[in-house]
Amino acid sequence: MKSEPLVERTTRYKIAESMDGAEQRFMAENSGRQRKEYGVTFTPQWVVDIMVSALALDCADDDLIIDAGAGAGRFALAAAQALPAAKIIAMERDTSLGEIMRGTINSERLGNRVSVLSADFLRVDWPAPSGRTIFLGNPPYVRHHSIAREDKEWLREAGRQLGVSLSGLSGLHVYFMTRCFIRAKTGDRLMMILPSEWLETAYGVAIKAAILARCAKTTFYLFPPQTSLFGATMTTSVIVDLHFGEPTGAVYAAVVREGADRLPRETRRVLFPGRTPAAANWIQAGREAVSEIATERNDSPGEIELGDLFKVHRGQVTGMNNVWIANNETRSLIPERYLFPTVTDAKEIIAQDGGVLDDASPLRRVIDLPSNLVCLESGERRRVVRFLALAESVGASRTYIAQHRRPWWSVRLREPPLIVMTYMARRPPRFALNVCGARMLNIAHGLYPKIPLNREQLMKLVRSLNDGGAAGFGRTYSGGLIKLEPGDAMRIRIPCLESGLLALAA
C-alpha cells in the first residue's frame, strides 16, 4: 500500500498526552522496584514516531505488526495511526498495562484493528499472516538474575532450534529476539529499541551469530553517548532493524539525533568492511564506522578524543586481594621497597574533591615481590619465604590468576599513571591527578600520556572531565550502573588543552 503519513500533529499530541498521563498513573501506583522486576520502561514518543515512520515507507496491506511487550501501547497506537491497513497484535503480560492499552484503543476507536493479548510473548502463538510479520517495540528490560529457571530452560531449547548456544546470562531482550527468530520467515522484519549491552558482551555472540545467519540486512541506530532515553533506568540503548532473508553479512550503523523526526538513512555506514565477526564488539565498531558524523563525534576544531593523548590501561588483578594487600602481620615480613601505595577502592579517587591524589599515606600497600628472590638479603629472604608459606596455606598460589603467571607470587603492578579514573559506578567516572605516584588495582583505570604534558595541562583536563566531560560514555546497565572499558574511555571527547596540542596529538 502507499505509505501514509503519521497522524496530524494535534491528534498525535493528544494521544501522546493521554499516554503520558496513563503511564504516569501506572508509575505512581507501582514502585520503582516493581517496575524494575518486570522490566517496565516507557519509550519516548519521538523514538516511537521515528521507528514507525521508517516502517511506513514499505508496509503492505497484508502485513501483521506484532508489538511484543507492548506496555501501555505507544507502538501499537502509533502503528495503527500511521498504517491504516495493517493488522496489529499488541502482546503484554501485565494485566494492568493491558487494561490501560485497551482503554486508549477503545477511546480512539481502533479496536477493530488492534488486538490486545494478555499473554507471555515467549509462549503465545498467533496465526501466520498472508504477508510479512513485522516485530516492533521495546521489550521489557529484565536482567538474568531475575529470570526464572523455566524461562532459562526455554532459552536453551530455543537456542538449539536456532543452532546456537544461548547463555543464561542473557537479559530478557535476547529472549524476545530469539522468539522472533523462531517465528520469522524470509521478508519479515524486526525493529526494536533494546539495551545495547548484548552487542558488546560474550553472551551476545550467539545472538549476533543468529543475526548473521538469518538476515539479509542489519542496521543499528546508535544514540550519542550523552543521550538518556529512559530516565532513571539509565540504560544505553540502540534501535535494531533486521530484514530477514538470504544472509549477506550486510551490517550498518548510523547515529540518531535526540528528538529526531526520522531515522538517518543517508548517514548509514558499513559496520565492517569485510566479513562481520560475531565475536566483535559491534557497538564499538559502529561508533568507529560513523566516526565522521558530527552527531556522534561532536567534531569541532577545539575537541579531540582522550585516546589521542593517552593510552588507558586497567589496574592490576592480584588474584587474592586479602593476601596481596598487606596487613599488619604480612607488612612486617616484606621489605619496605616491595610495599607499594596503591588505589584499591574507587572511593579513594572519588574522595579527591580537587581532583588531585597527592597524599599516599591513607592508601593501603600492595605487595609486589621480585620474580627472583636471590636479590634479597638472607634475613629478608627468610621473612619473605615465611610470607609465601602463609600465602600458599590460604590458596594464593592456586587462584586462576596465580596459576597463569610465573612465578605465582609476582603481582607485577603497572607503573604509576599520571591520572587515575574510576570506571564502574552509578555515576559518571571520576578522575584524579596522581601526584603521589600511587599504583592501582583493577578497580581503576590509569591514563598514560603519549606526549609530554605539564601539570597545568593535566589539571585542566581533570577538571574538564570531572565537570561532566565524561558523562554519557560507556555502557549503562539497569539501575544506572555505568561501566567504561579502556576503549570506551579513550573515546571520551576532551577539549584541546592549548592551540598546538591537536597537531601534536595527530
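Helix H7 passes helix H8 in a left-handed crossing. That is a handy place to start in this predicted model. H7 covers residues 172-183 and H8 covers residues 205-214, and the two pack with their axes 11 Å apart at an angle of about 25°. Angles under 35 degrees count as roughly parallel, so H7 and H8 are put down as roughly parallel to each other. On the H7 side, the residues that meet H8 are Val-174, Met-177, Thr-178 and Phe-181. Their partners in H8 are Ile-207, Ala-210, Ile-211 and Arg-214.

A second pair of helices, H3 and H4, can be described in the same terms. In general, two packed helices are described by the angle between their axes and the distance between those axes. For H3 (residues 45-56) and H4 (residues 74-82), the axes come within 10 Å and cross at roughly 45°. H3 and H4 are therefore oblique to each other. Here the crossing of H3 past H4 is right-handed. H3 brings Gln-45, Val-48, Asp-49, Met-51 and Val-52 to the contact, while H4 brings Arg-74, Phe-75, Ala-78, Ala-79 and Ala-82.

Next come the aromatic rings. The structure holds 11 aromatic pairs. One of them joins Trp-126 and Phe-135, which sit edge-to-face, 6.2 Å centre to centre and with 70° between the planes. Are these two residues buried or exposed? Both Trp-126 and Phe-135 turn out to be buried. Another pair is made by Trp-408 and Trp-409, again edge-to-face, with 5.9 Å from centre to centre and 80° between the planes. Trp-408 is buried, and Trp-409 is buried too.

Trp-126 shows up again in a wider grouping, since one aromatic cluster is formed by Phe-121, Trp-126, Phe-135 and Phe-176. Phe-176 falls within the residue range of H7, 172-183, and the cluster also takes in the Trp-126 and Phe-135 rings paired above. What sits over the ring of Trp-126? The charged end of Arg-183 does, 4.2 Å from the ring centre. Residue 183 is also where H7 ends.

A charge over a ring turns up elsewhere as well. Arg-314 lies over the face of Tyr-423, and the distance to the ring centre is 5.1 Å.

How values were computed. Residues numbered from 1 in each chain as written. Predicted model: local features only at pLDDT ≥ 70, side-chain atom pairs only at ≥ 80, totals over all residues. Heavy atoms only, no water. Phe/Tyr/Trp six-rings, centres within 6.5 Å; stacked < 30°, edge-to-face > 60°. Buried < 20%, exposed > 50% of the residue type's maximum accessible area, 1.4 Å probe, protein only. Lys NZ or Arg CZ within 6 Å of the ring centre and 35° of its normal. Axes fitted to C-alpha atoms, helices over the stretch in contact; angles between N-to-C directions. Helix = DSSP H or I, 4+ residues; strand = E, 2+ residues; numbered from the N terminus. Parallel < 35°, antiparallel > 145°, perpendicular 65-115°, else oblique. Left-handed = near helix turned anticlockwise from the far one by under 90°. Contact = heavy atoms within 4.5 Å.
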